[in-house]
Amino acid sequence: MALVQYSDSESEEESPPRPIKKHCPAPTPPASSLPPLPKTFHDLYAASTRVSVKDDPSLHGGRKRVIPHIEGNWPTHLYLEWFPSKDELAVLRDILSQCEVRLRKSNIDLQSLLQSDLGAQLPLHISLSRPVVLRTEQKQPFLETFTAALQDSHISAFDVVADSLHCVSNYERTRWFYVLRVRRPEHDGLNRLLGIANRCLAQYGQPPLYEPPSRPDADRESRRSGKAAHKGVAQQSQTSDYSECFHISLAWSLTGPSSEDHDQIAQIDLRRMAGLRIPFDCVKAKLGNQITSIPLSTGIFGQRE
C-alpha cells in the first residue's frame, strides 16, 4: 500500500477524523507451487561478463589466465556439474570454515567457489578434461564426435560419494585448490567417461586430463609419431584407473599450503558428509561461452560396456 503524503500546512485539527480499521492478521502465504528451475537455466548464465580484453589478474582475485584469449580459439572444458541443495551447501560451508580456522596461522587467503563475488550460488563440478583450446573449424565436429561417443557408450546416470579433503595445484602451480575426493562409483562411470573424453580430445590433438604412467617405449613412440602417441593415450584410457584423481573443488588460493598445513587439512571433521550422495545424469561440454548438456542413459542398457 502506497504512503499518503501530507503538506506541512495541514494540522491534526483540520484533518477529518479517520475511520478506525480493524486489523486482521495477515494470512500465511502458501508455500511456493512454482516448479524448480530447469538445469539448463544455469547454463545460460555460466559465463561471466568480460570486463577487459587483456589478462588483468587484479580483476579476478589475482588469477592469471591459463588460456590467452585469441580470436578463433574456443576454450573447451568437459565436466560433470553439481548444484548443491541448501542443506548440502551448509555442509560445504562448514568444511570451508574449518579450513579457514586451521590455515589461519599460515595467512592463506581462501577464495570460495561456492558463490560469486555478488553472493550468488555457483555450481560445482568434476572435470573430465583439462581446459583445452579448439579452433573454430573444430568446434562443431568435436561436439558431434563427443556426443555420439557418449550416446554409443550407454553409460547410465550415477551417484558419487565424497570421502576426503585434499589440496592440489593446477598444472602451472599458479593456484591451489581445496577439493573433496570422491569414491569410485558403481559401474566405474567416472573412468569410463574420462576414457571417452580423452579419446575424443586426442582426435583433435588435445592432451588427456590425467597422464598415464610414463613408459620408455611409449616415450620413444611419442617422439616418432604424434598420432601414434595420441592413439596410445586413447588405448590406455580404456584400462587406466584414475579413481583417486577425481574431485570437486570447493575453494582456491594463490599460496600453496605447507606440509604442516596439509596435516591440518587432513584432520578436518567430514562426518557431516556421511551419507551425502551426489547425482550426475548428464555431461556438460563448454566451448567458449556456449554450454551443451548431454544426458546419460537412463534405460535398460545403462550398464552395457
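A salt bridge here is a side-chain nitrogen of Lys or Arg within 4 Å of a carboxyl oxygen of Asp or Glu. Arginine 184 and aspartate 188 fit that description, with their side chains meeting at 3.0 Å, N to O. This is a predicted model, so local features need pLDDT of at least 70, side-chain atom pairs count only at pLDDT 80 or more, and totals for chains, interfaces and linings use all residues. Residues are numbered from 1 along each chain as its sequence is written, and side-chain values use heavy atoms, with hydrogens and water left out.

**The chain as a whole**

- The protein chain has seven helices and ten strands; helices (H or I, at least four residues) and strands (E, at least two) are DSSP runs, numbered from the N terminus.
- Of its 305 residues, 36% count as buried, where buried means under 20% relative accessible area, exposed over 50%, and partly exposed in between (1.4 Å probe, protein chains only).
- About 19,800 Å² of the protein chain is exposed, and carbon and sulfur atoms supply 53% of that; accessible areas come from the Shrake-Rupley method with a 1.4 Å probe, and for residues only the protein chains shown count as cover.
- Take the contacts with a separation of 6 or more: residues 24 or more positions apart account for 80% of them in the protein chain. Contact means heavy atoms within 4.5 Å.

**Salt bridges**

- There are seven salt bridges in the structure. Side chains of opposite charge can pair when their charged atoms come close.
- Arginine 183 pairs with aspartate 163, their closest N and O atoms being 3.4 Å apart. Arginine 183 sits in the loop between β6 (176-182) and α4 (189-202) and aspartate 163 in strand β5 (residues 158-169), so this pair ties together parts that are 20 residues apart in sequence.
- Both ends of that bridge are partly exposed: arginine 183 has a relative accessible area of 47%, and aspartate 163 has 40%.
- In the bridge from the opening, arginine 184 is partly exposed at 49% relative accessible area, whereas aspartate 188 is buried at 17%.
- Aspartate 269 bridges to arginine 271, with 2.9 Å between the closest N and O atoms. Aspartate 269 counts as partly exposed at 34% relative accessibility, while arginine 271 is exposed at 67%.
- As for networks, salt bridges that share partners join Arg184, Asp188 and Asp241 into one.

**Unusual backbone angles**

- Most residues other than glycine have a negative phi.
- Aspartate 188 goes the other way, with a positive phi of about 60 degrees although it is not a glycine. Aspartate 188 is found in the loop between β6 and α4.
- Histidine 154 is another non-glycine residue with a positive phi, near 55 degrees. Its place is the loop between α3 (136-153) and β5, and at 22% relative accessibility histidine 154 counts as partly exposed.

**Strands β5 and β8**

- β5 and β8 pair in the antiparallel sense over four bridges; two strands pair if DSSP finds at least two bridges between them.
- Valine 160 stands opposite isoleucine 278 in β8.
- Strand β8 (residues 277-280) has two faces: Ile278 and Phe280 make up the covered one, and Arg277 and Pro279 the uncovered one.

**Two glutamines worth a look**

- Glutamine 111 lies in strand β2 (residues 111-112) and counts as partly exposed, at 27% relative accessibility.
- Glutamine 111 and tryptophan 252 are 141 residues apart in sequence, yet their C-alpha atoms are 5.2 Å apart in space. Leaving aside residues up to four places away in sequence, glutamine 111 touches Ala251 and Trp252.
- The side chain of glutamine 111 also makes a polar contact of 2.9 Å with that of aspartate 109. A polar contact is a pair of N or O atoms within 3.5 Å; within protein, one must be able to donate a hydrogen and the other to accept it, and residues adjacent in sequence count only if both atoms are side-chain atoms.
- Glutamine 98 is in helix α2 (residues 86-102) and counts as buried, at 19% relative accessibility.
- Not counting residues up to four places away in sequence, glutamine 98 touches Ile268 and Asp269. Asp269 is also the partner of arginine 271 in a salt bridge.
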